[in-house]
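Biologist: Please take one part of this model and walk me through it closely. Then tell me what surrounds it.

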Amino acid sequence: MPEYLQARVEDCYQTAERYYQRRFLRPEISFKLRGQKAGVAHIDDNLLRFNPQLYAENREHFLLHTVAHEVAHMVAYAVYGKGIRAHGAQWQAIMNNLYELPALRCHNYRV
């Protein structure tokens, strides 16, 4: 199960690298997130955490949207610095323009 998620993370990073013409440090990936959150980006720790239950129950949408959502946080902070808002204009532009996905703040998975 995690190999698809890891591959999607890598794909999102490669898309960002082509767009920005620069390399990005790959984060550690954890599948130990529980509760209502589908994913969390820990910028200072270079860590992405994902909820394995929500992933298993919503695999296709999760891979496309949730993974890109969290990687977009990492990319936004790497490009624009830590002074930006988490779901601000820079993050929204990455979601819309780079990943061509809606910049939605929250998921609507059944929890």
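**The sheet and its surroundings**

Modeller: Three strands make an open sheet in the order β1-β3-β2, and the pairing is mixed. Keep in mind that this is a predicted model. The edges belong to β1 (28–30) and β2. Each has a single partner strand, so one side of each is left without a neighbour in the sheet. From one strand to the next, the twist averages 15°.

Take the two pairings in turn. β1 pairs with β3 (residues 47–50) in the parallel sense, over 3 bridges. On the other side, β2 and β3 run antiparallel and share 4 bridges. R49 in β3 is a useful landmark for both. S30 stands opposite R49. V40 also stands opposite R49.

Now the turn. β2 and β3 form a hairpin, with 4 residues between them. N46 sits in this loop between β2 and β3. Its phi is positive, at about 50°. Set aside the neighbours within four places in sequence, and N46 is in contact with L25, R26, P27, E28 and M74. One of these, E28, falls within β1 (28–30). Another, M74, belongs to α3 (residues 59–80). For a sense of distance, take P2. N46 and P2 lie 44 residues apart in sequence, and their C-alpha atoms are 18 Å apart in space.

Next comes the helix. α3 lies across β2 and β3. Its direction makes an angle of about 155° with β3. The helix covers residues 59–80, 22 in number. From first C-alpha to last, α3 reaches 30 Å, close to the 32 Å expected at 1.5 Å a residue. Just after α3 comes G81, with a positive phi of about 90°.

The pockets bring the helix and the strands back together. The largest pocket has a volume of about 500 Å³. It is lined by 21 residues, and the closest to its centre are H69, E70, R105, C106 and H107. Two elements give two or more residues to this lining: β2 (39–42) and α3. The largest share comes from α3, with 6 residues. By type, the lining of the largest pocket divides into 8 nonpolar, 10 polar and 3 charged residues.

The second largest pocket holds about 160 Å³ of space. Here too α3 gives the most to the lining, this time 4 residues. Those lining the second largest pocket include M74, V75, Y77 and A78, whose numbers fall within α3 (residues 59–80). N46 of the hairpin loop is also part of this lining. So are L25 and I43. Other members are Y13, R22, R23, F24 and K82. By type, this lining divides into 8 nonpolar, 1 polar and 3 charged residues.

To put the part together: β3 pairs with β1 in the parallel sense and with β2 in the antiparallel sense. α3 lies across β2 and β3. The same helix gives the largest share to the lining of the largest pocket and the most to that of the second largest. N46, in the loop between β2 and β3, contacts M74 and lines the second largest pocket.

Note on methods. Residues are numbered from 1 along each chain as its sequence is written. This is a predicted model: local features need pLDDT of at least 70, side-chain atom pairs count only at pLDDT 80 or more; totals for chains, interfaces and linings use all residues. Side-chain values use heavy atoms; hydrogens and water are left out. The expected span of a helix is 1.5 Å times one less than its number of residues. On a 1 Å grid over the protein atoms alone, a cavity is a set of points where a 1.4 Å probe fits but cannot get out, and a pocket is an open set with protein on both sides within 12 Å along at least five of seven lines; lining residues have an atom within 4 Å of a point. Grid points are joined across faces, edges and corners, and a volume is the space filled by probe spheres set on the points. Ala, Val, Leu, Ile, Met, Phe, Trp, Tyr, Cys and Pro count as nonpolar, Asp, Glu, Lys and Arg as charged, and the others, Gly among them, as polar. Two strands pair if DSSP finds at least two bridges between them. Axes are lines fitted to C-alpha atoms, for helices over the stretch in contact, and angles run from 0 to 180 degrees between N-to-C directions. Contact means heavy atoms within 4.5 Å.
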